[in-house]
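Hi,

Here is the model we talked about, with the sequence alongside. Have a look at it first, and my notes follow underneath.

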Amino acid sequence: MTGKERDRRITDVGTLKALAHPLRMRLYRNLTLARVATASQLAEAVDEAVSLVSYHLRKLAEHGLIEEAEPQSADGRERWWQPASEGVSIRDEDFQDAPQVAAAHAAATRIFADQRIDMYRRWLDERSTWNPEWNRTATSTESAVRLTVEETAELNKELLALLHKYDELGRVADAAGDTEGRENVAVHTYTFPFRA
């Protein structure tokens, strides 16, 4: 483990809005994957101008979502950035104290869901370029189970613990140089009640 806070809980609307900007969310996601990067590297990854990316990185930093990192090269002209925590957590209960705050939370979570759906659609469009093993391993499942609020909370806790276990396994392997066959894997889970 890196010693950073795991799943920093965002509780203020300013930080929520800073992260909910579509380009900032893409930058945050790319920086999380790279772990350390410059504005130039991130600009290339998201196909945007370096000056625009630098501006948005500073906004993320103002809200404590990212921070400056130790330089990774002798070239001192560029700033290196890293996530300030090992992920973030956004909970509905933290954004219900006023209608405008609840509306900001709803808008932000829709942006996050749209970006996740876009990621999955990109996979569907590109799956023929991946090897057969990845195609066999990638899944899309839907389960409808009957649970109480307490059981759903426990399910969420267990799923998150399992994801943290595999995240740490990948980090340790990367640190040891074991990168052969390793790819970024998105895992999106949603638990919510519904009536048929």
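Let me start with the pair formed by helix H2 (residues 22-34) and helix H4 (residues 50-62): in this predicted model, their axes come within 10 Å and cross at roughly 80°. Anything from 65 to 115 degrees counts as roughly perpendicular, so that is the label for H2 and H4. On the H2 side the contact is made by Leu-23, Arg-24, Leu-27 and Tyr-28. H4 brings Leu-52, Val-53, Tyr-55, His-56, Leu-57, Lys-59 and Leu-60. Sorted by class, this H2–H4 contact has eight nonpolar residues, one polar and two charged.

Several of those names come back in the largest nonpolar core, which has 25 residues. Which of its members touch the most others? They are Leu-19, Leu-27, Val-53, Leu-57 and Leu-60. Two or more residues each come from helix H1 (13-20), H2, helix H3 (39-46), H4 and helix H5 (99-126). H2 gives the most to this core, with five residues. As background, nonpolar side chains tend to be buried together in soluble globular proteins.

Two core residues are worth clicking on. Val-53 touches Leu-27, Ala-39, Leu-42, Ala-43, Val-46 and Glu-48, if you don't count residues up to four places away in sequence. The other is Leu-57, which sits in H4. Is Leu-57 buried or exposed? Its relative accessible area is 1%, so Leu-57 is buried. Leaving aside neighbours within four places in sequence, Leu-57 is in contact with Leu-27, Ala-39, Leu-42, Ile-66 and Trp-81. If you want a distance to check, the C-alpha atoms of Leu-57 and Thr-38 are separated by 9.7 Å, with the two positions 19 residues apart along the chain.

Back to H2 for a moment. Its 13 residues should span 18 Å at 1.5 Å a residue, and the end C-alpha atoms are 18 Å apart, so the two values agree. The buried residues in H2 are Leu-23, Arg-24, Met-25, Leu-27, Tyr-28 and Leu-31. H2 is followed by Arg-35, which lies in the loop between H2 and strand E2 (37-38). The phi of Arg-35 is positive, near 75°, in a residue other than glycine. With 30% relative accessibility, Arg-35 counts as partly exposed.

Arg-35 has company on the backbone front. Asp-7, in strand E1 (residues 6-10), also has a positive phi, about 50°, although Asp-7 is not a glycine. Then there is Gly-177, just after helix H7, with a positive phi of about 85°.

Asp-7 also turns up in the surroundings of Ser-89. Ser-89 is in strand E5 (86-90) and counts as buried at 15% relative accessibility. Not counting residues up to four places away in sequence, Ser-89 touches Asp-7, Arg-8, Arg-9 and Ile-10.

Now for H7 itself (residues 149-175). How many residues does H7 have, and how far does it reach? H7 has 27 residues and reaches 39 Å from its first C-alpha to its last, close to the 39 Å expected at 1.5 Å a residue. Its buried residues are Gly-170, Arg-171 and Ala-173. What covers these buried residues of H7 includes strand E5.

Last, a couple of exposed positions to set against the buried ones. Glu-44 is found in H3 and counts as exposed at 69% relative accessibility. The C-alpha atoms of Glu-44 and Val-172 are 128 residues apart along the chain and separated by 27 Å. Gln-100 is found in H5, and with 58% relative accessibility Gln-100 counts as exposed too. The C-alpha atoms of Gln-100 and Val-13 are separated by 9.6 Å, at 87 residues apart along the chain.

If you only open one view, I'd go for the H2–H4 crossing, at roughly 80°, with Leu-27, Val-53, Leu-57 and Leu-60 shown, since they are among the core residues that touch the most other members.

Cheers

Terms used
Residues are numbered from 1 along each chain as its sequence is written. This is a predicted model: local features need pLDDT of at least 70, side-chain atom pairs count only at pLDDT 80 or more; totals for chains, interfaces and linings use all residues. Side-chain values use heavy atoms; hydrogens and water are left out. Axes are lines fitted to C-alpha atoms, for helices over the stretch in contact, and angles run from 0 to 180 degrees between N-to-C directions. Helices (H or I, at least four residues) and strands (E, at least two) are DSSP runs, numbered from the N terminus. Angles under 35 degrees count as roughly parallel, over 145 as roughly antiparallel, 65 to 115 as roughly perpendicular and the rest as oblique. Contact means heavy atoms within 4.5 Å. Ala, Val, Leu, Ile, Met, Phe, Trp, Tyr, Cys and Pro count as nonpolar, Asp, Glu, Lys and Arg as charged, and the others, Gly among them, as polar. A nonpolar core is a set of buried Ala, Val, Leu, Ile, Met, Phe, Trp, Tyr and Cys residues joined through side-chain atoms within 4.5 Å. Buried means under 20% relative accessible area, exposed over 50%, partly exposed in between (1.4 Å probe, protein chains only). The expected span of a helix is 1.5 Å times one less than its number of residues.
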